[in-house]
Amino acid sequence: MKVCIDCGVEVSMRNKGGRCHPCSVSNPERRAKVSAALHARWECWRDDPEQMERVRTVSRKARTAQTAAHWCPREYADYNRKLKGRGFSVEERKRIIAEEQARDEKRRLAAMTPFERQMERLAKGARLVDVVPMRRGDPVVTLGGVSAGLL
Ligand SMILES: [Zn+2]
């Protein structure tokens, strides 16, 4: 069994550095080494416009990959990724996520009291509406007790 040289936690037999991941990451020696290596690489790249353009393209791609599905709400991004992994097409995923979203919204509204729902509607800009009674009013006059409305 191999253990971390800093904290004694068991590490994989294939571990080469001798430290577990948390210790390795927080090890100041290693941090300095990694930082120096990155710095050196950066110094190299800075003078090479072609390489800089390549770096920019890669980071742009990485950024767009993270937010690739602009149609997909953020809270469903993981779900979208899972569906994508299972081989669903974009159209199918859009439909599935729209359904899921509608279901979640329905569930959320069902968990609220009617008062809370009304308050939310007001907060979203709903206005009070006059209710006009559609029932015909009582007749103003009668003919000998027979309602004019009945004539
Ligand atoms: Zn450790």
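Which element of the protein has the lowest mean pLDDT, and which the highest? Keep that in mind as you look around this predicted model. Colour by confidence and select residues 146-147: this is strand 4, with the lowest mean pLDDT among the elements, at 63. Now select residues 90-110, which make up helix 5, the element with the highest, at 94. Where pLDDT is low, the predicted coordinates should not be read in detail. For the protein overall, the mean pLDDT is 84, and 88% of the residues reach 70 or more.

**The whole chain**

Zoom out and switch to a cartoon view. You should find 6 helices and 4 strands. Following the sequence, you meet them in the order β-β-α-α-α-α-α-α-β-β. Of the 151 residues, 4% count as buried. Look at contacts with a separation of 6 or more, and residues 24 or more positions apart account for 8% of them.

**Helix 5**

Go back to residues 90-110. Put a distance marker between the end C-alpha atoms of helix 5: they are 30 Å apart. That agrees with the 30 Å its 21 residues should span at 1.5 Å a residue. Is helix 5 tucked away or in the open? Just 2 of its 21 residues are buried, so helix 5 lies largely in the open.

**Helix 4 against helix 5**

Add residues 77-85, which is helix 4, to your selection. The axes of helix 4 and helix 5 come within 10 Å and cross at roughly 140°. That makes helix 4 oblique to helix 5. The crossing is right-handed. To see where the two helices meet, show side chains for Y79, N80, L83 and K84 in helix 4, along with R93, I96, I97 and E100 in helix 5.

**C72, in a loop**

Next, click on C72, in the loop between helix 3 (49-66) and helix 4. How many other C-beta atoms lie within 10 Å of C72? There are 22, so C72 counts as buried. Apart from its neighbours within four places in sequence, C72 is in contact with A77, N80 and I97. You have already come across N80 and I97, where helix 4 and helix 5 meet. C72 and I97 are 25 residues apart along the chain, and their C-alpha atoms are separated by 7.8 Å.

**R19, in another loop**

Now jump to R19, between strand 2 (10-11) and helix 1 (21-26). R19 is buried too, because it has 20 other C-beta atoms within 10 Å, and 20 or more is the cut-off for buried. What does R19 touch, leaving aside its neighbours within four places in sequence? Select C4, I5, D6, S24 and N27 to see its contacts. Try a distance marker to I5: the C-alpha atoms of R19 and I5 are separated by 5.6 Å, though the two are 14 residues apart along the chain.

**Last stop: helix 2**

Finish with residues 28-46, which form helix 2. Its end C-alpha atoms are 26 Å apart, which agrees with the 27 Å that 19 residues should span at 1.5 Å a residue. Helix 2 is hardly covered, with a count of 0 buried residues among its 19.

Key. Residues are numbered from 1 along each chain as its sequence is written. This is a predicted model: local features need pLDDT of at least 70, side-chain atom pairs count only at pLDDT 80 or more; totals for chains, interfaces and linings use all residues. pLDDT is the predictor's confidence in each residue, from 0 to 100. The expected span of a helix is 1.5 Å times one less than its number of residues. A residue is buried if 20 or more other C-beta atoms lie within 10 Å of its own, exposed if 12 or fewer, and partly exposed in between; C-beta atoms are placed from the backbone. Axes are lines fitted to C-alpha atoms, for helices over the stretch in contact, and angles run from 0 to 180 degrees between N-to-C directions. Angles under 35 degrees count as roughly parallel, over 145 as roughly antiparallel, 65 to 115 as roughly perpendicular and the rest as oblique. A crossing is left-handed if the near helix is turned anticlockwise from the far one by less than a right angle, and right-handed if clockwise. Two residues are in contact if their C-beta atoms, placed from the backbone, lie within 7 Å.
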